[in-house]
Structures are given as structure tokens and as C-alpha cells.
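Biologist: I've never looked at this one before. Could you walk me through it?

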Protein chains: 2
Amino acid sequence: MLILLLIKMKETTIYDIARELNISAATVSRALKNKSLTNDTQRKVLAKAEELGYRANYFASNLRKRDSRTIGVIIPKLNSHFVSTAIAAMEKVASEHGYNIIISQSMESTAKEIVNTQTMFNNRVDGLIVSLAYDTETIQHFNKFNERKIPVIFFDRVFEHTDNISIIIDNYRNAYDITKHLINQGCKRIAHLTANTKRNVYSERFKGYKQALADNGIKFSEPLLFLCDLTEISAVEAGEKMMAMRNPPDALFACNDSSAANCMKVFRQHGFAIPKDIAVAGFNNDPVSRMIEPNITTVNYPAYQMGEAAASYMINCLAGAADVHITNKLILKSEVIIRASSMRKR
Amino acid sequence: MLILLLIKMKETTIYDIARELNISAATVSRALKNKSLTNDTQRKVLAKAEELGYRANYFASNLRKRDSRTIGVIIPKLNSHFVSTAIAAMEKVASEHGYNIIISQSMESTAKEIVNTQTMFNNRVDGLIVSLAYDTETIQHFNKFNERKIPVIFFDRVFEHTDNISIIIDNYRNAYDITKHLINQGCKRIAHLTANTKRNVYSERFKGYKQALADNGIKFSEPLLFLCDLTEISAVEAGEKMMAMRNPPDALFACNDSSAANCMKVFRQHGFAIPKDIAVAGFNNDPVSRMIEPNITTVNYPAYQMGEAAASYMINCLAGAADVHITNKLILKSEVIIRASSMRKR
DNA sequence: CTGAAAGCGCTAACAG
DNA sequence: CTGTTAGCGCTTTCAG
């Protein structure tokens, strides 16, 4: 009979290194941390550590230091070009400063966002960078961070009424500009496809859209406002609704490029030429906006810079060089990119 | 003069709860862990914990238990529908079993992958789930995990010669089928756009492509093989090269949907109709394959199931119910989806 | 069911 | 520059 014994492998600790080298654990600890560069103790320690397959125990170290050097990131979903680019930037900045990043997805659900918040809290993140879920309406779940002076930075999907810093682009201005552009192309019945108009990014764009109409003598028409959850299915549904109208729109300003693309597909199926019969504009400058024909007029969203800004600001807060409550908003540069999908005049 | 004092806020510990309740810390610990459900000590502890704003200290707990209940995930990049869907599935399975997930991106660089591996190692992950970077050619950096019997599971982008379990789809079969389909549509000069042919996913597809040609009396022609790094720019370049040929291909089988889409754009700019002049097929069933017109024939890639499988298998290994070295390959079901981009006959 | 006590591995005083 | 010592907060025997 064979008996299988699973033994937890003994880990090498700084004490093992210390013993073999006849020095104290404290010295080993210091050598490992580059704190005594003068003599060659350091080299010996490093060599021995390598030899014994030593690996640092962050649990012990963090416990002792009462500091995790970790930044938590909560985002709605990973699967957009915008989000993953922003995270790549955060990761870069953080690791340059010796911070780790832990990520969690709220999957656009406030309930899951709250759970994630609690997990981050228990994991003792030094700071939290957040882009809110689709329908999050209060930010009470971040109170415990504020109470403990753990910096919370919002980016992109932010909360309007908060003292916490928000990193955004000027959604209002860009929406205004892109709507103005459509008007300049001779469009009169401009549909707007958006999501929950409570979330800042969408409400601001909606405001910009309405203001541009107003400033150009076009009355806002409720039936031209389409709300959807931005999934493939609901974008297609919205497109179908537009096509079913007695008097269909002559332009669409969608609040992201994917939905714009999905609608364009529907328009074409109904025999509408783009931009001749209906001009289209999106938002985000997602790769898809350049993949489909005609290329989609959009707003360049500085994802990388936004991630960079969020992480840098966080690091500064943690270093005590900035206070989360002094600057309140950081508005990044962004601009409309005109492409073929909206060019009716030349 | 104002002096700002930053005082690290005192954290509530189980001792604080114990003292206030006149019980021992051990009891509090047990109550918090649902280990004494009988009497109402538990309720009191929970209430007091809430009252004092207690939060568990995972560092202390992990240190003591010598166990992190964390699974590390290393992927090339987050920004694809496939990867983020797979991760969502892993997160779900893991959290159902009380595990956390930490993610890091190799950004398609072997060097960064090695660094990430080391970080995961030091962070004492209980297991590692990996999809390899574009050009990773050895997996020595995972040796230290194998030595310590920390399970390593590869998915999608796996390494051919390893004892570690790999979770994949039948890339060869699907590529064979899709090529066969193009041949059945009357195509004779089928271009293949792929990446590094060393990475399994690409080499297998390439083999399937070649075999389908061979089985149907079509000689493989080197000039019809296009290598690129799958970025937007290089896919467009490849498309241009195809168009510049004296005798351009009459079909394209690209190894992902984005590059297929990017090439289609180029084809159309050169006045080629799809599928009449050139039929197109992609791979992955990415949302973009349904966004562009005509919709792209592709292979349905079970991202969610793959993530689920990887995480479940990992949990089983960690529970001792499975051995990473018994099953060697897990092949998930997948199939070709025929769409308009390749339908030349009816 | 509960308490006492030990120790996980590390770092930061402090002292030499 | 290095060693001694104490303790971070928790879990887990072992006793009672």
C-alpha cells in the first residue's frame, strides 16, 4: 500500500540565512532592503538567499510595517480598450514607485461594487482608484475609506457630489462640439443614444448635446433620445427603433463607438447610406471606430494619460505630497476626431 | 505656525473586541470564523465588531495560516473580449470557493512575464493560471512553482512541452474546418494571416490550414502566409501587401477577428467586394465580428467556459482532489460559425 | 465551549 | 555597521 504524504514545504526565512552566515536576522533584513551597501555582507546575503531559494514573506513584512504598498482599483468591466489601457498605465506608474495593484470588476453592479469595496478595505489597500458601476447612485460605501483618510480617487465614471478628487475629460464640451459638427454638416434630426443619464459621463454628454441643439435653433425632441445599456443587443434594438420611426433621424450621436458601430450595421441593413442618409458619431476613439467603414467620427479619450494621472496623483497623496481634498477635479485634454461617418459636406 | 501631524489610525483588533466583551481573543477569532454557532457569543462578537469598525487583518491571518487563498493570473493583455471574459469566469469560481485573484499583464513581453512570475511567487499565491506572452519560448520561470508543488495551469496560449495541465480548444481542427469551408466556397488562393508561429494557438491553426489545403489538392504557397504582431497597424500593412500582389488572394483566414476586420477595410478601399472578390474568415467570435458588415465567419471561442474550467481545476488541485499532472490536456468544445463574409455560394 | 500560550516571519527601536 | 529584543494580529494546539 502506498501512502501519499503531502508535506508543506519548509520555507527559507531570513533566520536560515542568518544562521548559515553567522550574522543576525536584522542584518539580513537590512541587506535585503539595500540598507547597508558599504561592505560585502550584502553580497553574501544575496548569494545565500539565492542559494537557499529564499522568498520574501510579504505577509510578515506588511503585518510588521502595517502597510501594504498596494493600490486597489475597482472598475466596471475590464473588457474595453479604455479600461485596460488605463489600467496598464496605472500598473506602470505604481510599479515604478514600488506599489502593487489589485483589480476587481464590479460587472456594472452596485452590489458587487460594494462587496469589492469591502474586500479592498480588508485587504488594507493604501488607496483606492475607482470608476463607478453603471447605476451606482450613492458613494456611502466609500465612507469608511474617507473616515480613515485612505485616499479615494475617481476617474472617468465619477460621482458628482463628492470631495474626493475626480479625474475626467470635459464630456460636456466634447459632446457639444461633436453635436455642433453634426449640425454644421446639415443634420437637423440628431438622435442621441446613451445609457443611464445619472452617471456623469452620460449626463454631461447629454447636456452638451442639448445645449448645442439649443444654441443652433434646434428644439430638443424627446423621441430622439434613446436609452440603452450599451450591450450589443440593446444597441441593435435602439438602432431598429430609429429605423422604425416615421421620420427617422438624419444623424446619430452615440455615447460610445461600439454602439455607434452596432447601429450603423442596422442602418445599412435598412438601406440607409452613411453618412449621406444618416451621419454617425461615437465617443472614445475605440479601435473599432477605425475598423469599420466608414470610420467613425469620435472623441479621443486619453485612456493612458488618465490612468497615469490617477496613479501619479495617488502616489503623491500617499507620499504626503498632495492632499486628496485640495484639488477637486483634474480635467484632461481630449478632442473631437472627424472621420468619414459624419462628413456630408466637403 | 501650523504643524500637521499624520497619525496612523489605530485599528481595531480582535483583542479590542475580546476586552470589551470580557472573553478571550481566541473566542472572538472562532466566532468571526463561524466556528461556534451554538450560543449567542457569536452574535455579540459580530455586533461589537461592527460597532468598533473592525476589519480582518489578512496579513496576520495569512502569516499564521501560511496560506494566502489567492490564485495568481498572468495574461498577455487585458484588453480583449476573450481575456476579460475568461477572467470574469475565474473570479466568479474563485470567489465562490473563498479565493481571491490577483491579475498581472505581461504586455506580451517575456521579460515582464518573468518579473510577474517572481512577484506572484513572493506574494505566495496558492496557484497560478497563465496564458503565455506572444514570444515566450521557455517556461523555466515556472520551475520554482513546480519545485514547490504550486499548481500551474496554462490556458489558451500554452506551452507545448510541459507536464503542467493545459486548457485549450482544438485550434488545429477549427482552423482545418474553416479553411475547408473557404475551399468549399470555391476559394483557391487562401491567404493566412497569423502571428508568431511558435505559440501553440497560432502554430496549430497554421497546421490545420495547411492540412486542409493539402487534403484538397491545393499546394501551400509561402507568399500567402502573412506574419504580423496583430496590432491594428501591422494588420493593415498585411492587408496592403495582399492587395499589392500581382495575383491577390481570393480568401483570407486571419487568426483573429480584429485583424480580419482591419484587412477587410483595406480590401474595400481597394475596391474588392467581400465575399465576392475575397472571402474572409477570422477567429474568436469577438463582438467586432458581428459589428462590421458583412459579419465575419469565425470560430466560437468559449472564453467563459475556459476561465471556469481553469479556475475549477485549480480549486480541485488545491483541495487535493485533483493532481495537476494526471490530466494533461483539457480540450473545450468550439465550432466554426459561418457568416456572410465568406458566403460566396448559397 | 472557552481560555492560555505560543509562534508565523519580519522590521524598527534601541543599544553597543 | 550590527545585534538584541519586542511585537505587528491572528490562529491553533492543548488544557480545562
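What follows is a short chat about the two chains, their sheet, their core and a few odd spots.

Biologist: What kind of model is this, and what pLDDT do local features need?

Modeller: Residues are numbered from 1 along each chain as its sequence is written, with chains lettered from A and ligands numbered from 1 in the order in which they are written. It's a predicted model where totals for chains, interfaces and linings use all residues, side-chain atom pairs count only at pLDDT 80 or more, and local features need pLDDT of at least 70.

Biologist: How is chain A related to chain B, and by which kind of axis?

Modeller: Superpose the copies by least squares on the C-alpha atoms of residues with pLDDT of at least 70 in both. Chain A then lands on chain B with an RMSD of 0.0 Å, after a turn of 180 degrees and a shift of 0.0 Å along the axis. That is the relation of a two-fold axis.

Biologist: Which residue of chain A comes closest to that rotation axis?

Modeller: Going by C-alpha atoms, the distance is 2.3 Å. The residue is A:Phe59.

Biologist: Which element gives the largest share of the side of chain A that touches chain B?

Modeller: In total, 41 residues of chain A are in contact with 41 residues of chain B, where contact means C-beta atoms, placed from the backbone, within 7 Å. Elements giving two or more residues to this side of chain A include α4 (58-65), β2 (100-105) and α6 (110-122) of chain A; helices (H or I, at least four residues) and strands (E, at least two) are DSSP runs, numbered from the N terminus. The largest share, six residues, comes from α5(A).

Biologist: Why do the copies meet through the same surface?

Modeller: Look at which interface residues of chain A are also interface residues in chain B, because that share settles it. The value is 100%.

Biologist: Which strands sit at the edges of the open sheet in chain B?

Modeller: Six strands line up as β2-β1-β3-β4-β5-β11 (chain B), with parallel pairing; two strands pair if DSSP finds at least two bridges between them. An edge strand pairs on one side only. Those are β2 (100-105) and β11 (329-332) of chain B.

Biologist: What is the bridge partner of B:Ile167 in β11(B)?

Modeller: Strand β5 (residues 165-169) of chain B pairs with β11(B) in the parallel sense over four bridges. For B:Ile167, the partner is B:Leu330.

Biologist: Which residues touch the most other members of the largest nonpolar core?

Modeller: A nonpolar core is a set of buried Ala, Val, Leu, Ile, Met, Phe, Trp, Tyr and Cys residues joined through C-beta atoms within 7 Å, and the largest one has 182 residues. Leaving aside neighbours within four places in sequence, A:Ala310 has contacts including A:Ile129 and A:Phe155. Touching the most other members are A:Met90, A:Ala310, B:Met90 and B:Ala310.

Biologist: Is A:Asp156 buried or exposed?

Modeller: A:Asp156 is in the loop between β4 (152-155) and β5 (166-169) of chain A, and its phi is positive, near 60 degrees. A residue is buried with 20 or more other C-beta atoms within 10 Å of its own, exposed with 12 or fewer, and partly exposed in between, C-beta atoms being placed from the backbone. A:Asp156 has 25 such neighbours, so it counts as buried.

Biologist: Which residues does the cis peptide bond in chain A join?

Modeller: Most peptide bonds are trans. Here omega is about -5 degrees, and A:Pro294 lies in the loop between α12 and β10 (298-300) of chain A. The bond joins A:Glu293 and A:Pro294.

Definitions and conventions. Contact = placed C-beta atoms within 7 Å.
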